[in-house]
Amino acid sequence: MALLEALRRLGQPAGRPPSPQSWPGLIEAYRSWLPVSAATPVITLQEGATPLIPAPVIAARIGRDVKVFLKYDGLNPTGSFKDRGMTMAISKAREAGSEAVICASTGNTSAAAAAYARRGGMRAFVLIPDGYVAQGKLAQALLYGAEVLAVQGNFDRALAIVREVADQYPVTLVNSLNPYRLQGQKTAAFEVVDTLGEAPDWLCIPVGNAGNISAYWMGFNEYRNAGLCRRLPRMMGFQAAGAAPLVLGRTVEQPDTIATAIRIGNPVNRDNALRAQSESNGAFMAVTDAEIIEAYKLLGSGEGVFCEPASAASVAGLLKRQAEVPTGATVVCVLTGNGLKDPTTAIEHNDSRFHTGLEPDTATVARVMGF
Ligand code: F0G
């Protein structure tokens, strides 16, 4: 009663809040924009509708009335944007009668493929680069019931293998070569426009296999062609300096970066991504691991948003190129994955004080607190 009274005094209605269950998942939400029919069994975990969070601390670093938003796709059901593509790819695989799916992955695709495939009653085979997948992602693939094959090679090699396997055996490939993946992922661009009421001036996005930047570009174009936004953003794609084939203009044989999600040297969606860049007057740029970690820490301790290192490449890139952002511009940085995916990097790279082994008494705690 006291709470109700307090709310009333604040002038708040004491009625029922909006139902948190009103979002049906992105296939139902955007059905008319997607290649699905009444015959498609919709396999969903109610992915999508992720928040577009203002980032005032990052915006203040840039100044000049620039507005910065974080599209926090780490809040999807398996913790990354891959769920958007996977609800489509798995629903279509099920519709086609497939009983098993396969993917190569730096971790997030494997987690999403496993979750959606199992939910759809299918087997999931995932190939990962042995030793280069963050712990949370490996835990997810295993817990969701995938058959995990760790190969002693990098992502590019694993992808070449799964393409051959899917060609020769009855398993459906669910990497972003599968066109339904990008169809699902384009809905993130729809959500950005639906929230802002217009496309942003800049879209900053981490780039690995280059599927997501291609999907966003497709989404913005479809909305613009339908009159739902008037402009298109500049597509600013950021790669890790040790894995930057699109910046260098050539395949990188031994990609290397702390951001293992984008440790990719030979992106399969290269052509689509290059088209997005040239048509949008955008750019591909590299950010160093040190810059990625700096942005990762700033997002956490400045904005209260925990993303994985690869995701922080979008913010690292924005800060690096901030002089080019027009005054008053609206910038969206895509945070592709949840920070909990990679606890190891967070524990190793932070500026917090961590006092261990303390005597369990009040005086000790107060002293360490500085009182
Ligand atoms: N951010 C995260 C967290 C990712 O997991 C990926 C790709 C990207 C960015 C890059 O997206 O490949 O569409 O350019 N992860 C893939 C995987 C390769 O296997 O999970 P992209």
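Q: A polar contact is a pair of N or O atoms within 3.5 Å; within protein, one must be able to donate a hydrogen and the other to accept it, and residues adjacent in sequence count only if both atoms are side-chain atoms. What makes the approach of threonine 106 to the ligand such a contact?
A: A backbone N or O atom of threonine 106 lies 2.8 Å from an oxygen atom of the ligand, and this pair is therefore within the 3.5 Å limit. The model is predicted: local features need pLDDT of at least 70 and side-chain atom pairs 80 or more, whereas totals for chains, interfaces and linings use all residues. Residues are numbered from 1 along each chain as its sequence is written, and side-chain values use heavy atoms, without hydrogens or water.

Q: How do you know that serine 105 has a polar contact with the ligand through its side chain?
A: An N or O atom in the side chain of serine 105 is 2.7 Å from a ligand oxygen atom. Asparagine 212 uses a backbone N or O atom instead, 2.8 Å from an oxygen atom of the ligand. The protein covers 99% of the 470 Å² of accessible area that the ligand has on its own (Shrake-Rupley method, 1.4 Å probe).

Q: Which residues come nearest to the ligand?
A: Ser105, Asn209, Ala210, Asn212 and Thr336 do so, out of 19 residues around the ligand (a heavy atom within 4 Å). Helix H5 (108-119) and helix H10 (211-225) each supply at least two residues of this shell; helices (H or I, at least four residues) and strands (E, at least two) are DSSP runs numbered from the N terminus.

Q: What makes strand E10 mostly covered?
A: Six of the six residues of E10 (330-335) are buried, that is, under 20% relative accessible area (exposed is over 50%, partly exposed in between; 1.4 Å probe, protein chains only). Thr330, Val332 and Val334 point one way, Val331, Cys333 and Leu335 the other way, and all are buried.

Q: Why are E2 and E10 said to pair?
A: Pairing requires at least two DSSP bridges between two strands, and E2 (residues 67-72) and E10 have six, in the parallel sense. In one of these, lysine 67 has threonine 330 as its partner. Strand E7 (residues 202-206) is joined to E10 by three bridges, also in parallel, and leucine 203 is partnered there by valine 332.

Q: Why is valine 365 called partly exposed?
A: Valine 365 counts as partly exposed because its relative accessibility is 40%. This residue lies in helix H16 (residues 362-369), and its C-alpha atom is 9.7 Å from that of histidine 355, ten residues apart along the chain.
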